[in-house]
Amino acid sequence: MTNKVYVTRKIPEPGLSMLSKECKVTLNRKSSVPSRTEIIRNIAGKDALLCMLSDRIDAEVMDAAPDLKAISSYSTGFEHIDVKEATARGIYVTYTADILAEATADLTFALILACARGIVNADRYVRENKWKVGWAPDLMLGYNVHGATLGIVGLGRIGAAVARRARGFNMKILYHNRSRNQQLESELGVRYAELDELLAQSDFVSIHASLNSQSRSLIDKAKLQLMKKTAFLINTARGQVVNEAELVRALKGNQIAGAALDVFEKEPLPRTSPLLKMKNVVLLPHIGSATYQTRSKMAEVAARNLLNILNEKYPDPAFLVNPQVKSVRPLKN
Ligand code: DGY
């Protein structure tokens, strides 16, 4: 019998063709996030789900699909899925792991450079016809990136890829993680620091921690107060790791020099957000992994993960979020 799959957003090729060849696909063709009611309606009777980081997949959703065998997320974060609940039901949960690390590190570096050199404000200045005097000795001065200190909060795959780029800029690199990684320390030339020390010493603080109960609101008022007045905060991880209201306060009070954000507590960023009116921030619409090559690779991996499980084959362990599920519902191959 043909397996039935629900895909919550149109993903790039070859992902969709791979799924359509083997399964009956129900696809949300709209370019908007499906509502909860739509998810619950469309998942009914399905064998597998391919979802996005914007879809909350919890027990209520799983209840609607008693035959569900696989949840494949087109993302590296999986905080939107109740993994414990899925495991208890024998549902395999997969993600795209480190496939997007390099693209996200590229964007992080673009943001470091953009905020240090005021690239976005300078572009506006030219377009808005404010550039009247040609070259000027004090026009739009920014900060050096080369030789500056970079603090990486979360030295996972993306954090490490950022560190590799920072070495090319001759930066001094500090990192903070739940646990020290001495092998990476010698490989990347990075030094472990307690979070408070990292915040106090860095010229650029870049967030790469995944979202969990320990990292939620990790960068709060007290932590922001530790940063240098000339420092910048860059976040390409998850908005909830930083207390956004406190960040706004710190930016308004010139407690830090600026911020560059690709992620927010609420996405899309509400039109009422004070961040929209601030000159010392660069704002992007969550595009860390958004390159043609990376998104296509993510689609291929997400589709393959899902098909493997439906074909009773274990997915590549690198992409399996809940290996414990193997003992709840072993696969045949
Ligand atoms: C992810 O996959 O978790 C990223 O945030 C997408 O850019």
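Me: What makes the pair formed by Gly77 and an oxygen atom of the ligand a polar contact?
Reply: In this predicted model, a polar backbone atom of Gly77 is 3.0 Å from an oxygen atom of the ligand. A polar contact is a pair of N or O atoms within 3.5 Å, so the Gly77 pair qualifies.

Me: How do you know that side chains also make polar contacts with the ligand, and which residues supply them?
Reply: Arg238 places a polar side-chain atom 2.6 Å from a ligand oxygen, and Ser289 has a polar side-chain atom 3.0 Å from an oxygen atom of the ligand. Both distances are within 3.5 Å, so both pairs count as polar contacts.

Me: How much of the ligand does the protein bury?
Reply: The ligand taken alone exposes 240 Å², of which the protein buries 93%.

Me: Why is the shell around the ligand said to have two nonpolar, five polar and one charged residues?
Reply: The residues around the ligand are Leu53, Ser75, Thr76, Gly77, Leu100, Arg238, His286 and Ser289. Leu counts as nonpolar and Arg as charged, whereas Ser, Thr, His and Gly count as polar; therefore Leu53 and Leu100 are the nonpolar members, Arg238 is the charged one, and the others are polar.

Me: Why is helix H5 called oblique to helix H7?
Reply: The axes of H5 (residues 101–117) and H7 (residues 157–168) come within 8 Å and cross at roughly 50°. This angle is neither under 35 degrees, nor from 65 to 115, nor over 145, so H5 is oblique to H7. The crossing of the two helices, H5 and H7, is right-handed.

Me: Where are the cis peptide bonds that join Glu13 to Pro14 and Glu267 to Pro268?
Reply: Omega is about 10° for the cis bond between Glu13 and Pro14, and Pro14 belongs to the loop between strand E1 (3–7) and helix H1 (15–22). For the cis bond between Glu267 and Pro268, omega is about 0°; Pro268 sits in the loop between strands E11 (258–261) and E12 (281–283).

Me: What makes the backbone of Ala97 notable?
Reply: Ala97 has a phi near 40°, a positive value in a residue other than glycine. Ala97 lies in the loop between strand E5 (92–94) and H5.

Notes. Residues numbered from 1 in each chain as written. Predicted model: local features only at pLDDT ≥ 70, side-chain atom pairs only at ≥ 80, totals over all residues. Heavy atoms only, no water. Near = heavy atom within 4 Å. Polar contact = N/O pair within 3.5 Å; in protein donor to acceptor, adjacent residues only side chain to side chain. Areas by Shrake-Rupley, 256 points an atom, 1.4 Å probe, with all protein chains shown as cover. Axes fitted to C-alpha atoms, helices over the stretch in contact; angles between N-to-C directions. Helix = DSSP H or I, 4+ residues; strand = E, 2+ residues; numbered from the N terminus. Left-handed = near helix turned anticlockwise from the far one by under 90°.
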